[in-house]
Amino acid sequence: MKKKKILALLLMTSMTASMILGGCGGSGEEKKEETDSELSTVTFVHGYYHDESEWPAAAEMRAIYEEFAEAHKDEFNFVIKADETGAEGIYNTALNDLSSGEFYDIADFGGWDIVPVASESDAILDLKPYLDEDAEFKAGVGVCYDQNEADGKIYSVREQIEGVGFWYNAALFEKAGAATPDQWQTWDDFNTAVDKLVAAGIMPFGLNAGWPTNILTAGYSQRSEASRAFYKEGKTVENFDNDTFKETLAFMQDKVLKKIDSANFGPGGDDDEQYRTDFFDGKTAMLFNGVWDAGGAVDCAAGIENIKPAVFPTDEAGKKAALLSGGTGYVVSNKLDEAQTEACIEFIKYMTSPEIASRIIEKGIGMAPSTAVDYASLLDKVETDDAKLLVEACQLCQEADYQALGLGNTFGDAEGEIQGKYAGLMDGTKTPEDVVKELNDFLAAAE
């Protein structure tokens with residue numbers, strides 16, 4: 001899935017695992033720098049080690065970190081270390097070192113969920129008290145506040161989130177005489193538009209047995225209060241025999257999968273990106289992918305002027321839904337002294353501030369969770385067409401009436417089981433009832 005390749009470093013950024021002062025070990029090269037021995041020292045480990053020519057966003061993120069360290073050099077030593085082992089490396093190092101009672105001062109786990117084991121080991125700091133006492137800080141972490149809260153505690157927030165809606169080719173909609181997604185009021189309008197596209201000989205979308213189909217399944221699951229309630233159960237679902245879930249499966253079978261031919265349905269997996277290629281080549285009308293794919297529109301055959309962002313309709317006229325997933329990012333040791341802890345909190349506030357959030361979007365790094373971003377000003381500020389598309393896509397996701405985690409974040413291991421049923425739904429060898437039975441068998445086997 002291109003989300004793991006385009007700007008996918010974006011949101012699953014390779015965050016680190018190098019040696020920490022008084023904390024975890026690692027394999028990255030340490031940045032040599034002098035520190036004031038009379039000041040408190042905090043070591044921050046990250047994974048933006050990439051050369052600027054390889055990934056310009058990495059250099060921008062390093063600059064952001066270094067500006068913070070420079071601004072506070074008279075208050076504390078903020079030591080910055082990059083590690084090339086990436087997010088998985090930092091996660092594995094933390095797992096190993098927790099057994100001996102050690103943990104990073106502060107590190108970014110880039111989506112790898114260290115929280116359950118680290119909190120169980122009483123190794124990490126609860127950020128909720130700091131968020132609750134500072135309205136600006138809480139606004140800066142946006143959806144991470146609710147999504148990452150568990151048992152009244154919040155152990156991690158991020159400066160970037162995975163924002164997902166979809167993209168469409170306005171020229172193909174016009175050619176088919178179909179209403180564009182920005183005009184849709186409900187999912188009935190989606191169905192009507194798809195039928196008009198098909199009637200005009202235009203393939204409405206390309207899919208595969210994975211990421212893009214999961215997006216549409218998750219998006220349709222936000223259509224009503226009842227469907228949202230079942231979806232939110234996610235990993236705690238005990239029975240998939242739910243009317244709204246079966247309606248979702250029926251929709252995917254009849255209104256989605258049966259609208260395309262086998263040539264437009266791939267096997268899935270990280271290397272199966274034909275659905276993207278077809279869209280940017282102007283062969284399909286919609287692409288189910290996240291905000292980062294604004295970059296995919298540059299110099300595309302479909303014409304960047306025709307590429308537009310959208311979020312999902314619901315069955316509540318005019319109401320919109322988007323998928324916003326934060327996950328595990330910054331995690332702080334709870335064994336630091338007061339001055340070190342304050343330095344870590346100051347850093348996270350800085351990284352989630354409106355200024356840095358706007359910069360992350362403006363520079364094309366990704367979508368920020370902050371609800372305080374001035375998107376109108378950003379649109380005036382950015383100059384390139386793809387930058388404008390990214391700003392517009394982020395704004396639509398942030399302003400959606402309903403915001404939910406992605407399918408994988410919500411259903412965990414069951415995600416793979418769900419996506420394994422798409423091919424059968426498409427060729428008619430499975431019914432929604434068959435899928436429900438097989439998913440319940442999976443739940444029973446997992447007990």
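Helices (H or I, at least four residues) and strands (E, at least two) are DSSP runs here, numbered from the N terminus. Residues are numbered from 1 along each chain as its sequence is written. The model is predicted, so local features need pLDDT of at least 70 and side-chain atom pairs count only at pLDDT 80 or more, while totals for chains, interfaces and linings use all residues; side-chain values use heavy atoms, with hydrogens and water left out.

**Stop 1: the first sheet**

Select β2, β1, β3 and β15. In that order the four strands make an open sheet with mixed pairing (two strands pair if DSSP finds at least two bridges between them). β2 (77-82) and β15 (330-332) are the edge strands with a single partner each, so one side of each has no neighbour in the sheet. From one strand to the next, the twist averages 20° (axes are lines fitted to C-alpha atoms, for helices over the stretch in contact, and angles run from 0 to 180 degrees between N-to-C directions).

Zoom in on β1 (41-46) and β3 (106-108), a parallel pair with two bridges. Show V45 and you'll find its bridge partner in β3, A107. Now add α1 (56-71): this helix packs on the sheet and touches β1, β2 and β15 (contact means heavy atoms within 4.5 Å). The direction of α1 makes about 160° with that of β2.

**Stop 2: the second sheet**

Next, pick β8, β11, β7 and β12, another open four-strand sheet in that order, again with mixed pairing. Here β8 (203-205) and β12 stand at the edges, each with a single partner strand, so one side of each is left free of a sheet neighbour. Ignoring direction, neighbouring strands are turned by 20° against each other on average.

β7 and β12 run antiparallel, joined by four bridges; look for N169, whose bridge partner in β12 is I307. Then bring in α8, which packs on this sheet against β8 and β11 (284-287), its direction making about 140° with that of β8. Add α16 as well: α16 lies across β7 and β12, at about 20° to β12.

**Stop 3: a helix pair**

Keep α8 (187-199) on screen and add α11. Their axes come within 11 Å and cross at roughly 25°. That counts as roughly parallel, because the label covers angles under 35 degrees (over 145 is roughly antiparallel, 65 to 115 roughly perpendicular and the rest oblique). Show side chains for W187, F190, N191 and V194 on α8, and for F251, K255 and V256 on α11, to see the contact.

**Stop 4: the cavities**

Rolling a probe the size of a water molecule over the atoms shows where empty space is left. On a 1 Å grid over the protein atoms alone, a cavity is a set of points where a 1.4 Å probe fits but cannot get out, and lining residues have an atom within 4 Å of a point. Grid points are joined across faces, edges and corners, and a volume is the space filled by probe spheres set on the points. There are three cavities of 30 Å³ or more.

The largest has a volume of about 70 Å³. Select T217, S221, S227, F230, Y231, T244, F245, T248, L407, F411 and I418 to see its lining. At least two of the lining residues come from each of α10 (225-233), α11 (243-256) and α17 (407-411).

Finish at the second largest cavity, with about 50 Å³ of space. Its lining includes W167, N289, P309 and L396. Which element gives the most to this lining? That's α16, with three residues.

Definitions and conventions: 1 Å grid on protein atoms, 1.4 Å probe; cavity = no way out; pocket = protein on both sides within 12 Å on 5 of 7 lines; lining within 4 Å.
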